[in-house]
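Here is a set of short exercises to work through with the model open in your viewer. Try each task before you read its solution.

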Amino acid sequence: MRVAVCQLNSRDDRKANLVAAEALIDRAVDAGADLVLLPEYVDYLGPAAGMPVAEPADGEVGRFFADVAARRGVWVIAGSFHEAGPDPGHTWNTTLVFDRSGTLAASYRKIHLYDVEIPGRVSYRESATVAPGDRPVVVDVEGVRVGLTICYDLRFPELYRQLASEGGAHLLVVPAAFMMHTGRDHWEVLLRARAIENQCFVAAAGQTGDHEPARTCYGRSMVVDPWGSVLSQVPDGPGFAVADLDLARLERIRAELPSLANRRM
Ligand SMILES: NC(=O)CCC(=O)C(=O)O
């Protein structure tokens, strides 16, 4: 299976964001992708919290990516979007997965919300406007079991362990809008750690560049193999990268270095 990670600079213009995402999906499919991953908040990343653009999974954004998946005959993991939430003051930060016919195969709501205060650097309180999800999700993509996570989830290894052990995941995906300040030092280290400790492929698609208000995203979308090696990576700016998932290699690594089987707790 060939996976593509798409890196975007989504802004406050939803139509333009969707057009940019579609153009990258088209290029990734032309490069042979079977499965395309988009970044967190692919629909809107602007000055307002998500409420003005919030809608249900079968709203404009969901239908848009369903149509693109069907038109190109490709699996699409549509990053995340602002799903209408449990009350008027909160949305969910939700990933939608569409199969090659454009049918919704799975959805996942971000569990760990980004509430962080780093003086002079990052001040963010996602829980003020987003409600947390409460359910890990693994979806079967033509024999590849894919564990769904979103951005800040990356810092919570117990979620990834659950997806890999109870969920049987081979591939862990991370749509993200990782901050430049933390991403410089943490992004690649965390992605490679999650891949090594769970002996899984990890595919991470990030937002890149400046977004209002005063947010700069790190980008550096990449695919990591179960040995922790980076298979491919997107340079700065919008673009995409592809990598082939060799499940036989995954099984060989798990057999030769059986750290998952050797667990005692
Ligand atoms: N959108 C997010 O969850 C940001 C996470 C992030 O930047 C981090 O450092 O963690």
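Two strands pair if DSSP finds at least two bridges between them. With that cut-off in hand, remember that this is a predicted model, and start with a warm-up on pairing.

**Exercise 1. Find how strands S4 and S5 pair, and name the bridge partner of His82 in S5.**

Solution.
- Step 1: Locate strand S4 at residues 81-87 and strand S5 at residues 90-98.
- Step 2: Follow the chain from S4 to S5; a hairpin joins them through 2 residues.
- Step 3: Look at the bridges, of which there are 5, in the antiparallel sense. The cut-off for pairing is at least two bridges, and the 5 bridges of S4 and S5 satisfy it.
- Step 4: Pick out His82, whose bridge partner in S5 is Asn93.

**Exercise 2. Work out the strand order of the open sheet of 6 strands, and say which strands stand at its edges.**

Solution.
- Step 1: Walk across the sheet, which gives the order S10-S11-S12-S13-S16-S17. The pairing along the way is mixed.
- Step 2: Look at the two ends of that order. Strand S10 (137-141) and strand S17 (230-233) each have a single partner strand, so one side of each lacks a neighbour in the sheet.
- Step 3: Check the twist, which averages 20 degrees from one strand to the next.

**Exercise 3. Show where the mixed pairing appears by comparing the partners of S11.**

Solution.
- Step 1: Take S10 with S11 to begin; these strands pair in the antiparallel sense over 5 bridges. Val137 has Leu148 as its bridge partner in S11, and Val141 stands opposite Val144.
- Step 2: Inspect the turn of this hairpin, which has 2 residues between the strands. Glu142 takes a positive phi there, near 50 degrees.
- Step 3: Now take S11 (residues 144-148) with S12 (residues 171-176), a parallel pair with 3 bridges. In S12, Leu171 is the bridge partner of Val146, and Leu172 is that of Gly147.

**Exercise 4. Describe the packing of two helix pairs, H1 with H2 and H3 with H4.**

Solution.
- Step 1: Choose the quantities. Two packed helices are described by the angle between their axes and the distance between the axes.
- Step 2: For H1 (residues 14-30) and H2 (residues 60-72), the angle is about 20 degrees and the axes are 11 Å apart. H1 and H2 are therefore roughly parallel to each other, and the crossing is right-handed.
- Step 3: For H3 (residues 157-165) and H4 (residues 180-198), the axes come within 10 Å and cross at roughly 40 degrees. That angle makes H3 oblique to H4. The crossing of H3 and H4 is right-handed.

**Exercise 5. Which backbone angles at Tyr41 and at the bond from Glu212 to Pro213 deserve a look?**

Solution.
- Step 1: Recall the background. Most residues other than glycine have a negative phi, and most peptide bonds are trans.
- Step 2: Tyr41 has a positive phi, near 45 degrees. Tyr41 lies in the loop between strand S2 (35-37) and H2.
- Step 3: The peptide bond from Glu212 to Pro213 is cis, with omega near -10 degrees. Pro213 sits in the loop between strand S14 (208-211) and strand S15 (215-218).

**Exercise 6. List the residues around the ligand and sort them by class.**

Solution.
- Step 1: Collect the residues, which are Glu40, Tyr114, Cys151, Tyr152, Arg155, Ala177, Phe178, Met179, Thr182 and His186.
- Step 2: Sort this shell into 6 nonpolar, 2 polar and 2 charged residues.
- Step 3: Consider the confidence. The mean pLDDT of the protein is 96, with 99% of its residues at 70 or more. For the complex, the predictor gives an ipTM of 0.99 and a pTM of 0.97.

Terms used. Residues are numbered from 1 along each chain as its sequence is written. This is a predicted model: local features need pLDDT of at least 70, side-chain atom pairs count only at pLDDT 80 or more; totals for chains, interfaces and linings use all residues. Helices (H or I, at least four residues) and strands (E, at least two) are DSSP runs, numbered from the N terminus. Axes are lines fitted to C-alpha atoms, for helices over the stretch in contact, and angles run from 0 to 180 degrees between N-to-C directions. A residue is near a molecule or strand if its C-beta atom, placed from the backbone, lies within 6 Å of it. Ala, Val, Leu, Ile, Met, Phe, Trp, Tyr, Cys and Pro count as nonpolar, Asp, Glu, Lys and Arg as charged, and the others, Gly among them, as polar. pLDDT is the predictor's confidence in each residue, from 0 to 100. Angles under 35 degrees count as roughly parallel, over 145 as roughly antiparallel, 65 to 115 as roughly perpendicular and the rest as oblique. A crossing is left-handed if the near helix is turned anticlockwise from the far one by less than a right angle, and right-handed if clockwise.
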